[in-house]
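Colleague: Could you take me closely through one part of this model, the surroundings of the ligand, and then set that part in the context of the chain around it? I would like the criteria spelled out as you go.

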Amino acid sequence: MYNFINYHNNSKLTEKEIQKMKEYYQKARIQENYYMNLQPQKNFYNEVALGNTKNINKNIVEVMENRTSFRGTNYSPLSRMELSTILFHAMSKKNSIKKSYPSAGGVYSVYLYVIVNNVLNVPKGIYLYDSRKHSLKQFKDISHFNITTLSNSILYPDNVSAILFTSSLYIKSFIKYGERSYRFILLESGHIIQNIELLTTAVNGGGHCIGGFYDESIEKLLDLNKYEILTHGYLLYGRII
Ligand SMILES: Cc1cc2nc3c(=O)[nH]c(=O)nc-3n(C[C@H](O)[C@H](O)[C@H](O)COP(=O)(O)O)c2cc1C
């Protein structure tokens, strides 16, 4: 009945699997540039430049010590600069095209969607985060959906600042790593969400991971196609008062 162990067994690394991957990769290499440049396709109609980030002069160990899931009602909306700070440092590095998280084979197949509900000076909407431009690209509004249809663990839905979801264009990882890429895209998403959680703590914000999300409603909401899969989520309540 449960396929849990099949996921694991199907992605085990063996000599035979490496050979298979090499052969597959040789064929796919011809189109590697095409695969690597793939981006989620949407009809973007608005772009919000996130601009400056806050200076955080906190010790990483102190931030890790303070990290905890937050589920409560004593919070205020995040400011644009706080959101900017979280997203920028979670995914990018200053003066570098490199990223602040690792990616198996450097393929970077994971993308971040941001559902903005209550962030000061950022219009409500559904956006894809563009880490190269540090901007939010809007492709939908949020007037026609109810946050509680996304997950059963959003306890206080009314004023949450934002809900974040990672997705993977898994083909980018699959052409290199075959079935094992399923592990890699989840791990890459986990690295990003951990960064987000630590940065949320660093700006005195509160939130928690969401693994308990209703896949199909979110796939529909984010217009994911069959080459893009949902991997993880994070609920950003806001700044803790
Ligand atoms: C992969 C993953 C999925 C999670 N999913 C949820 C969730 O759906 N709802 C929720 O309230 N918390 C979720 N959490 C948060 C955990 O419940 C929380 O981290 C755990 O209880 C430990 O508490 P702490 O984060 O305060 O240390 C998730 C955490 C992880 C790592």
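Modeller: What follows begins at the ligand and then moves outward to the chain, two of its helices and a few single residues.

The model is a predicted one, in which local features need pLDDT of at least 70 and side-chain atom pairs count only at pLDDT 80 or more, while totals for chains, interfaces and linings use all residues. Residues are numbered from 1 along each chain as its sequence is written.

The ligand is surrounded by Thr68, Ser69 and Ser153, together with the run His208, Cys209, Ile210, Gly211 and Gly212; a residue is taken as near a molecule if its C-beta atom, placed from the backbone, lies within 6 Å of it. This shell divides into 2 nonpolar and 6 polar residues, with no charged ones, where Ala, Val, Leu, Ile, Met, Phe, Trp, Tyr, Cys and Pro count as nonpolar, Asp, Glu, Lys and Arg as charged, and the others, Gly among them, as polar. UniProt, in an unreviewed entry, places the feature "domain: Nitroreductase" at residues 65-230; its positions are given in the numbering used here, feature names are shortened, and annotations may be inferred rather than shown by experiment. Over residues 65-230 the chain is 30% helix and 25% strand, and the end C-alpha atoms are 29 Å apart.

As for the whole chain, its secondary structure comes to 8 helices and 10 strands, these being DSSP runs (H or I of at least four residues for helices, E of at least two for strands) numbered from the N terminus. The radius of gyration, taken over C-alpha atoms, is 18 Å, which agrees with the value near 18 Å for a compact globule of 241 residues, under the rule of 2.2 Å times the number of residues to the power 0.38. Of the 241 residues, 35% count as buried, meaning that 20 or more other C-beta atoms, placed from the backbone, lie within 10 Å of their own; 12 or fewer make a residue exposed, and values in between partly exposed. Among contacts with a separation of 6 or more, residues 24 or more positions apart account for 79%, a contact requiring C-beta atoms, placed from the backbone, within 7 Å.

Two helices can be set side by side. In α5 (residues 80-91), 10 of the 12 residues are buried, so this helix is largely enclosed by the rest of the structure; Leu83, Ile86, Leu87 and Phe88 are among the buried ones, as is Glu82. In α2 (residues 15-29) the number buried is 1 of 15, so that helix lies largely in the open. The expected span, 1.5 Å times one less than the number of residues, is 16 Å for α5, in agreement with the 17 Å between its end C-alpha atoms, and for α2 it is 21 Å, with its end C-alpha atoms 21 Å apart.

Some single residues complete the picture. Most residues other than glycine have a negative phi. Asn121, however, has a positive phi near 65 degrees; Asn121 sits in the loop between β5 (119-120) and β6 (125-130) and is exposed, with 11 other C-beta atoms within 10 Å. His134 likewise has a positive phi, of about 50 degrees, and is found in the loop between β6 and β7 (135-140), where 17 C-beta neighbours inside 10 Å make His134 partly exposed. Lys140, in strand β7, is in contact with Gly125 and Ile126, leaving aside its neighbours within four places in sequence.

Notes. Contact = placed C-beta atoms within 7 Å.
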